[in-house]
Amino acid sequence: MRLKNKPWANELVEEHPESALDRPDPAEKIDWAARFGNDKPIEIEVGSGKGQFITTLAKQHPDRNFVAMEIQKTAAGIILKKKLDEGLDNLQILCADAANLVAYFGENSTSKIYLNFSDPWPKSRHEKRRLTYKDFLAKYQAVLTADGVIEFKTDNSGLFAYSVRSMNNYGMRFDFVSVDLHHEKEEIVEKNVETEYEHKFASKGQPIYCLHAGFLPAE
Ligand code: SAH
């Protein structure tokens, strides 16, 4: 999803360095504990879009720390506006490329990584760009705590099948897999927090694929 450039959103990011980091230098460590005012683990959504999912989670769980990581500055500004309007002190915005994840977050800093409706990159020659390509899995493993998990949702069957294969080849453990999340048991459906894309696809009757996975301890 490429958003139309919105100058107000870009300016908002620049006006709020305390809440949003705009492509920080990967060589400099980010002091997340200082930014959140506590040193609890972080939950990151990679590719937050306009932020419906992560702002809802931040509202539901004021005791947890959330980072919306988004490469498009306009999208980052839209998330930031929601954060400021709703006073979400437990949400930070990081406008940056997920390729630099390890530089921005230390080892064992993160308890959850959410990948929602990531760009599918269907051509084989673009495999390395998929956010579930093995090199990205290695980055997630580096920042996650030992019991940390990845929660992934998509409407794209090709990306889902690829991701299961990629995670399996990496030796990951699957805790939950669904090929029709919105028609699972009531308690699962009720707990689900919808993203913008999810709402759009599900309302057209398309199934939503979902998996939760973790890394096995090193032997
Ligand atoms: N999660 C949202 C948006 C999905 S679209 C939803 O479900 O509605 C995918 C988003 O990922 C886009 O906003 C895109 O800009 C962002 N993105 C793609 N590659 C990225 C990367 N390498 N690092 C950070 N964000 C990325």
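These are legends for a set of close-up views of a predicted model.

**View 1. The whole protein chain, before zooming in.** Start with the overall build: the secondary structure of the protein chain comes to 9 helices and 8 strands. The C-alpha atoms fill a box of roughly 45 × 40 × 40 Å along the principal axes. A compact globule of 219 residues would have a radius of gyration near 17 Å, and the protein chain comes out at 17 Å, so the two agree. Buried residues account for 47% of the 219. Take the contacts between residues at least 6 apart in sequence, and 76% of them join residues at least 24 apart.

**View 2. The nonpolar cores.** In soluble globular proteins, nonpolar side chains tend to be buried together. Here the largest nonpolar core has 35 residues, and Trp32, Met69, Leu94, Phe105, Ile113, Tyr140 and Ile150 have the most contacts inside it. Met69 is a good one to click on: leaving out residues up to four places away in sequence, its partners include Ile44, Val46, Leu94, Ala96, Leu101, Tyr104 and Phe105. Some of what Met69 touches is not on the nonpolar list, including Glu45, Ser48 and Asp97. There is also a second, separate core of 18 residues, with Ala20, Ile54, Ala68 and Leu91 among them.

**View 3. Helix H7, one side in and one side out.** Helix H7 runs over residues 157–169. At 1.5 Å a residue its 13 residues should span 18 Å, and the end C-alpha atoms are indeed 18 Å apart. Leu159, Phe160, Tyr162, Ser163, Ser166 and Met167 are its buried residues. Down the helix axis these fall within an arc of 165°, so they line one face of H7. An α-helix has 3.6 residues a turn, so residues three or four places apart point the same way. Over on the other side of H7, Arg165 and Asn169 are exposed. The cover on the buried residues includes helix H6 (134–143) along with strands E6 (144–154), E7 (172–178) and E8 (209–215).

**View 4. The ends of H7 and H9.** What caps the N-terminal end of H7? That would be Asn156, with a side-chain oxygen 3.1 Å from the backbone nitrogen of Gly158. Just past H7, Gly171 has a positive phi of about 85°. Now hop to helix H9 (residues 196–203), where Thr195 caps the N-terminal end: a side-chain oxygen of Thr195 lies 3.3 Å from the backbone nitrogen of Tyr197. Just after H9 comes Gly205, with a positive phi of about 90°.

**View 5. Helix H1 and its cover.** In H1 (residues 7–15), the buried residues are Ala9, Asn10, Leu12 and Val13. They fall within an arc of 160° seen down the axis, so they line one face of H1. Pro7, Glu14 and Glu15 are exposed, on the face turned away from the buried side. Strand E1 (20–22) and H4 are among the elements covering the buried residues of H1.

**View 6. Ile79 in helix H4.** Ile79 sits in H4 (residues 73–86). Its relative accessible area is 0%, so Ile79 is buried. Gly51 is 28 residues away along the chain, yet the C-alpha atoms of Ile79 and Gly51 are separated by 5.1 Å. Setting aside neighbours within four places in sequence, the contacts of Ile79 include Ser48, Gly49, Lys50, Gly51, Ile54, Ala68 and Leu91.

**View 7. Two buried strand residues, Glu43 and Thr145.** Glu43 belongs to strand E2 (residues 42–46). Is Glu43 buried or exposed? At 5% relative accessibility, Glu43 counts as buried. Among the residues that Glu43 touches are Arg64, Phe66, Ser111, Lys112 and Tyr114. Thr145, in strand E6, also counts as buried, at 18% relative accessibility, because the cut-off is under 20%. Beyond its close sequence neighbours, Thr145 touches Asn108, Thr110 and Ser111.

**View 8. Positive phi at Asn108 and Trp121.** Most residues other than glycine have a negative phi. Asn108 has a positive one near 60°, and lies in the loop between helix H5 (101–104) and strand E5 (110–116). At 51% relative accessibility, Asn108 counts as exposed. Trp121, also not a glycine, has a positive phi of about 40°. Its place is in the loop between E5 and H6, and at 29% relative accessibility Trp121 counts as partly exposed.

Definitions and conventions
Residues are numbered from 1 along each chain as its sequence is written. This is a predicted model: local features need pLDDT of at least 70, side-chain atom pairs count only at pLDDT 80 or more; totals for chains, interfaces and linings use all residues. Side-chain values use heavy atoms; hydrogens and water are left out. Helices (H or I, at least four residues) and strands (E, at least two) are DSSP runs, numbered from the N terminus. The expected span of a helix is 1.5 Å times one less than its number of residues. Buried means under 20% relative accessible area, exposed over 50%, partly exposed in between (1.4 Å probe, protein chains only). The arc is that of the directions from the helix axis to the C-beta atoms. Contact means heavy atoms within 4.5 Å. A polar contact is a pair of N or O atoms within 3.5 Å; within protein, one must be able to donate a hydrogen and the other to accept it, and residues adjacent in sequence count only if both atoms are side-chain atoms. A nonpolar core is a set of buried Ala, Val, Leu, Ile, Met, Phe, Trp, Tyr and Cys residues joined through side-chain atoms within 4.5 Å. The radius of gyration is taken over C-alpha atoms; the globule rule is 2.2 Å times the number of residues to the power 0.38.
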